[in-house]
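Trainee: I'm new to this one. Can you walk me through it?
Mentor: Sure. Have a look first, then we'll talk.

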Amino acid sequence: MQIADLGDVQLHYRIDGDPNGAPIVFANSLGTDLRVWDAVVERLPAGLKIIRYDKRGHGLSSCPPAPYSMGALVRDAERLLDYLAVRDCVFVGLSIGGMIAQGLAVKRLDMVRALVLSNTAAKMGTAEMWKARMQTVTDEGIAPLADGIMERWFGRDFRATPELQLWRNMLLQQSREGYAGCCAAIAGTDFYTPTSGLRLPCLGIAGSEDGASPPDLVRETTDLIPGSQFHLIRRAGHIPCVEKPDEYAERLTQFLQETGHIG
């Protein structure tokens, strides 16, 4: 476990694979930590420098006072990659991580050579919806929301397995201030215009049973970037990297090969 002290925030990060390999960066979803990528990481080919991190207020990273802006989350990713001297990475963002990916690509094209926008959008939900969720979490914690979140996160098949409890526990162990702070960042974000100006390879990934970012929403966002690709993972919800890691890693590897990131 490693920590990057960036001054106002300390980010937990992990590097796997080849330390001199082509960099691929993973940013995870609201209410999760970097372990959501475990099964995908172990299925990726050799030759990659695999970087994962916990965004502020999540996992083992520090939790600055909420609320957060999307600009702060993008800046955290930028500063972490500067700290690690990363350039020309493929950035894989899931949900809010996909919003961070869009913002970072707009800001630092020297840092991001290709995007994977997984179960995300240029704009997610309404400000009113996120404010209501922030109020619930602030007043009562995450627990009252957990059952509904599990239904959005996972397809029916996965919800019938004992493994569901692990991910429910991960959600409940996140900081309520960190969770609410990131809700505020999503509430204030509309990337339709900046994302439509991007010109770089992009793969969109969606889950057919995703209740948080339905496939049509993911496709609409990836279609903003000319030449983008789209892949639908059937019988999966909002976190297909957990439910369908074989298919997820296979499609991601194909994209890395197509973009020349790996041989």
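Mentor: Start with one term: buried means under 20% relative accessible area, exposed means over 50%, and partly exposed lies in between (1.4 Å probe, protein chains only).
Trainee: Okay. Anything else before we dive in?
Mentor: This is a predicted model: local features need pLDDT of at least 70, side-chain atom pairs count only at pLDDT 80 or more, and totals for chains, interfaces and linings use all residues. Residues are numbered from 1 along each chain as its sequence is written, and side-chain values use heavy atoms, with hydrogens and water left out.
Trainee: Let's take R52. Is it buried or exposed?
Mentor: R52 has 2% relative accessibility, so it counts as buried. It lies in strand 4, residues 48-53. Helices (H or I, at least four residues) and strands (E, at least two) are DSSP runs, numbered from the N terminus.
Trainee: Which side chain does R52 join through a polar contact?
Mentor: That of D16, at 3.0 Å. A polar contact is a pair of N or O atoms within 3.5 Å; within protein, one must be able to donate a hydrogen and the other to accept it, and residues adjacent in sequence count only if both atoms are side-chain atoms. A polar atom of the R52 side chain also lies 3.1 Å from the backbone oxygen of L34.
Trainee: And what does R52 touch?
Mentor: Leaving out residues up to four places away in sequence, its contacts include H12, Y13, D16, F26, L34 and W37. Contact means heavy atoms within 4.5 Å.
Trainee: F26 and W37 sound aromatic. How many aromatic pairs does a search of the whole structure find?
Mentor: Five. F26 and W37 form a tilted one, 4.7 Å centre to centre with 45° between the planes. Rings of Phe, Tyr and Trp (its six-membered ring) pair if their centres lie within 6.5 Å; planes under 30 degrees apart count as stacked, over 60 as edge-to-face and the rest as tilted.
Trainee: Where do those two sit in the chain?
Mentor: F26 is in strand 3 (residues 22-27), and W37 is in the loop between strand 3 and helix 1 (38-41), eleven residues apart. Both F26 and W37 are buried.
Trainee: What about W153 and F154?
Mentor: Their ring centres are 6.0 Å apart and their planes are at 90°, so that pair is edge-to-face. W153 is buried at 4% relative accessible area. F154 is at 0%, so it counts as buried too.
Trainee: Back to F26 and W37. Which residue forms one aromatic cluster with them?
Mentor: Y248. Y248 is also one of the buried residues of helix 12.
Trainee: What span should helix 12 have?
Mentor: Helix 12 covers residues 245-258, 14 residues, so at 1.5 Å a residue it should span 20 Å. Its end C-alpha atoms are 20 Å apart, which agrees. The expected span is 1.5 Å times one less than the number of residues. After helix 12 comes G260, with a positive phi near 75°.
Trainee: And helix 3: how many of its residues are buried?
Mentor: Ten of twelve, so the helix is mostly covered. The buried ones include I96, M99, I100 and L104. Helix 3 spans residues 96-107 and reaches 17 Å from its first C-alpha to its last, close to the 16 Å expected.
Trainee: Any odd backbone spots?
Mentor: A few. Most residues other than glycine have a negative phi, and most peptide bonds are trans. D88 has a positive phi of about 55° although it is not a glycine. D88 sits in the loop between helix 2 and strand 5 (89-94), and is partly exposed at 42% relative accessible area.
Trainee: What about S95?
Mentor: Its phi is positive as well, near 60°. S95 is in the loop between strand 5 and helix 3, and is buried at 5%.
Trainee: Where's the cis peptide bond?
Mentor: From A66 to P67, with omega near 0°. P67 is in the loop between strand 4 and helix 2 (70-83).
Trainee: Last topic, strands. How do strand 7 and strand 8 run?
Mentor: Parallel: five bridges join strand 7 (residues 202-207) to strand 8 (residues 229-233). Two strands pair if DSSP finds at least two bridges between them. I205 stands opposite H231 in strand 8.
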